[in-house]
Amino acid sequence: MSEAVKKAWSDQDTRAVSEIVQQAASSALQGEIPPAVTEDQAKRLRETLASALATEVALDVRRAAHAFFEEERRREKDAAKERAKAGKDADMVERLSLHVRLQHMVLFSSCILLILTGLPIKFHEAAVSVFLIDIMGGPDVTRVLHRIGAVALTFIGLYHLFYCLAFEEGRKTFGQLIPKPQDAKDALHQILYFLGIKKDRPLFGRFSYVEKFDYWAVYWGMVVMITSGYILWFKDVTINQFGKFVFDIGREAHSDEALLATLAIVIWHFYNVHFNPHKFPGSLTWLNGKITLREFKEEHPLEYEEWKASHDKGSTP
Amino acid sequence: MTGTSMLRLRRILWAGLVAAAFATAAYAQEDVRCLSCHGKPGFRKTLPSGQVLELFVDPNLLRLSVHKDKHCVDCHADVSEVPHPTTPQPVNCRRCHYNGNTSGAPQLAKYLEFERSVHGKALAAGNPKAPTCQDCHGGHFILPGSDLRSRVFRTNIPQVCGTCHLKIFAEYEASIHGKALAKGNPDAPVCTSCHGEHNIEKPEEKTSTVNPGHVANTCAKCHDKVVIMEKYGVNAEQVATYEESFHGIANEFGVLKAANCASCHTAHDILPPSDPLSSVNPANIPKTCGKCHPGANANFANGRIHIDAKDKSAGIVYWVALGFKILTLSTLAGLFIHIGLDLYRKIRNHQKAGGAKPGAPSSEIQP
């Protein structure tokens, strides 16, 4: 071996040298130091061996560290996912579908148009009515605008009926909107809570009695306004068919229900979604359909529980 | 001219002169000259057209008129020679009747109103049928409008206007207003009550009292006065109920094609609904409404036209209005109470929580 080493050294064959060293090193690890190796060779061998070991260790350390941090990062990611799944209070949850939001948008756009072009007729003595009619282009223009609003309102009314019948979501939502004895209990409970007699609030599901009231008030209003509106629009037909008094009833109902609906919207609906100290200056639910998780938990705790259960299940792979 | 007639004329003239001398010192010599011809009854001229021009002037009537102190040439200022070399022109009343005159005429400028009126415009345009002052006020026997004998006394006005507006006069005579006037009713409206006097304008003019936009106001001069209407059993609310109707509101906002009082009740031959000839008699309602609502049938009369929903006379409409009133008030009361209680609870919770910012996420609203 020493001859081979000598030759390799003299040939400057580093590959051969390193092979020999490795062989020697492995023999050395097994406790066999080749007898032919000189003191000098043995020293060099040990140095090489030490250096190789150090490199190995360093690599191991690096690999281990990498794995450690990798693991750490992964765990953190999982935790974040977990947290997101559980939801934070400020997180937004979509509660109302685009389908519903679009219906609401058509509804309130046509209502605003109808109120702006209609109420000035009811309150014709007021200076602001004259001003409103004037800036909209006079009575001949507002008459047309009012009828455009009427057609839009009729359309969305009929479309909603179609939605409640033909769509799974519509059927489900309509079912959830039907008043039940629980709503009366909830209303009483809520009043008692307001008065301080009960310490806890009633637990609402998808629609509280307040929302159900809103929905059915609109239902009643739509039926009255659309029916009486068409009686007025096609006045000659209605008078010829049923008599002048039918037109008069239509006019009285149209005028009175218009005021009731406007006041209900301005006072009640605006309070609930705009001026309520917890909502001011207004929620964007009409636009994105979302409410915060905090509101969700507070205002619809039963629906929230249901949502959470299905949400957790749905997100499990 | 015979001697006896000359004698008689002289006697008359002398008698007139003496009477005038006692009556007024202004009865002057030149009037005698005029009356030497014009004071003869039957003094007239036949124009080439065949029209007979009555030229007799009864001096006694002039002496009884508001112009008793005036002489012939005060008004007929273009007359200076007898016989007249040129045809005397119609009298121009504006010589005296203007604001600031010194001749003792009333300090009024009615002629300015007249100039802006439909009659004044027609006259200025050269319409030979256009009336002048004299056509209404008369020539020599002009009396104040308060004098029963005056042509422009209230009860005489329809005849005066009817001189030209014959068909309308006939309609008016047959109307409830005309009949009431004939009975001497002091409340009955005459032509000028609605149309104005010197300032009469076409209905098309925006400032006319009978413009579609002003008809309701004009009728309301009497028809919303309970004091007047209760005498005749007419509802004084008719103007108010019209103003609340779609017709009235459209009219108020300037849609003049919308019906006004006269659209249904007519302008001149207004009759009570009980009269079969009335445009608002139930039998005639389809025709009247049909003017604007083509195809209107008898059902247009099925229900009241002037409706006051606050009055029980409105029938079922009254009950509908009452129902909605109750519904509205009770709903709003409920909503206000609910909102009030909600706010009360929020404030109490807020106080208990030690004044944390309301609306902020906090435990105070947690169940």
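Is A:Arg206 buried or exposed, judged by its relative accessibility? At 18% relative accessibility, A:Arg206 counts as buried; the term covers residues under 20% relative accessible area, with exposed meaning over 50% and partly exposed in between (1.4 Å probe, protein chains only). The views below show a predicted model, in which local features need pLDDT of at least 70 and side-chain atom pairs count only at pLDDT 80 or more, while totals for chains, interfaces and linings use all residues. Residues are numbered from 1 along each chain as its sequence is written, chains are lettered from A and ligands numbered from 1 in the order in which they are written, and side-chain values use heavy atoms, with hydrogens and water left out.

**View 1. Surroundings of A:Arg206 in the loop between α8 (181–195) and α9 of chain A.** Helices (H or I, at least four residues) and strands (E, at least two) are DSSP runs, numbered from the N terminus. The side chains of A:Arg206 and A:Gln176 make a polar contact of 3.3 Å. Such a contact is a pair of N or O atoms within 3.5 Å; within protein, one must be able to donate a hydrogen and the other to accept it, and residues adjacent in sequence count only if both atoms are side-chain atoms. Not counting residues up to four places away in sequence, A:Arg206 touches A:Arg95, A:Leu96, A:Gln176, A:Glu211, A:His300 and A:Glu303 (contact: heavy atoms within 4.5 Å).

**View 2. The aromatic pair of A:Phe213 and A:Trp268.** The whole structure holds 19 aromatic pairs over all chains. Rings of Phe, Tyr and Trp (its six-membered ring) pair if their centres lie within 6.5 Å; planes under 30 degrees apart count as stacked, over 60 as edge-to-face and the rest as tilted. A:Phe213 and A:Trp268 are edge-to-face, at 6.1 Å centre to centre and 90° between the planes. Because A:Phe213 belongs to helix α9 (residues 209–233) and A:Trp268 to helix α11 (residues 244–275) of chain A, the pair ties together parts that are 55 residues apart in sequence. A:Phe213 is partly exposed at 35% relative accessibility, whereas A:Trp268 is buried, with a relative accessible area of 4%.

**View 3. An aromatic pair that joins two chains, A:Phe247 with B:Phe246.** The ring centres of A:Phe247 and B:Phe246 are 6.2 Å apart and the planes stand at 70°, so the pair is edge-to-face. A:Phe247 lies in helix α11 of chain A, and B:Phe246 in helix α15 (residues 246–252) of chain B. A:Phe247 counts as buried at 11% relative accessibility; B:Phe246, at 33%, counts as partly exposed.

**View 4. Charged ends over the rings of A:Phe123 and A:Tyr193.** A charge sits over a ring if NZ of Lys or CZ of Arg is within 6 Å of the ring centre and within 35 degrees of the ring normal. A:Lys122 lies over the face of A:Phe123, 5.8 Å from the ring centre. From chain B, the charged end of B:Arg345 sits over the ring of A:Tyr193, at 5.7 Å from its centre.

**View 5. Surroundings of B:Ile142 in the loop between α7 (133–137) and α8 (157–162) of chain B.** B:Ile142 is buried, at 16% relative accessibility. Its C-alpha is 7.8 Å from that of B:Leu62, although B:Ile142 and B:Leu62 are 80 residues apart in sequence. Leaving aside neighbours within four places in sequence, B:Ile142 is in contact with B:Ser65, B:Val66, B:His67 and B:His137.
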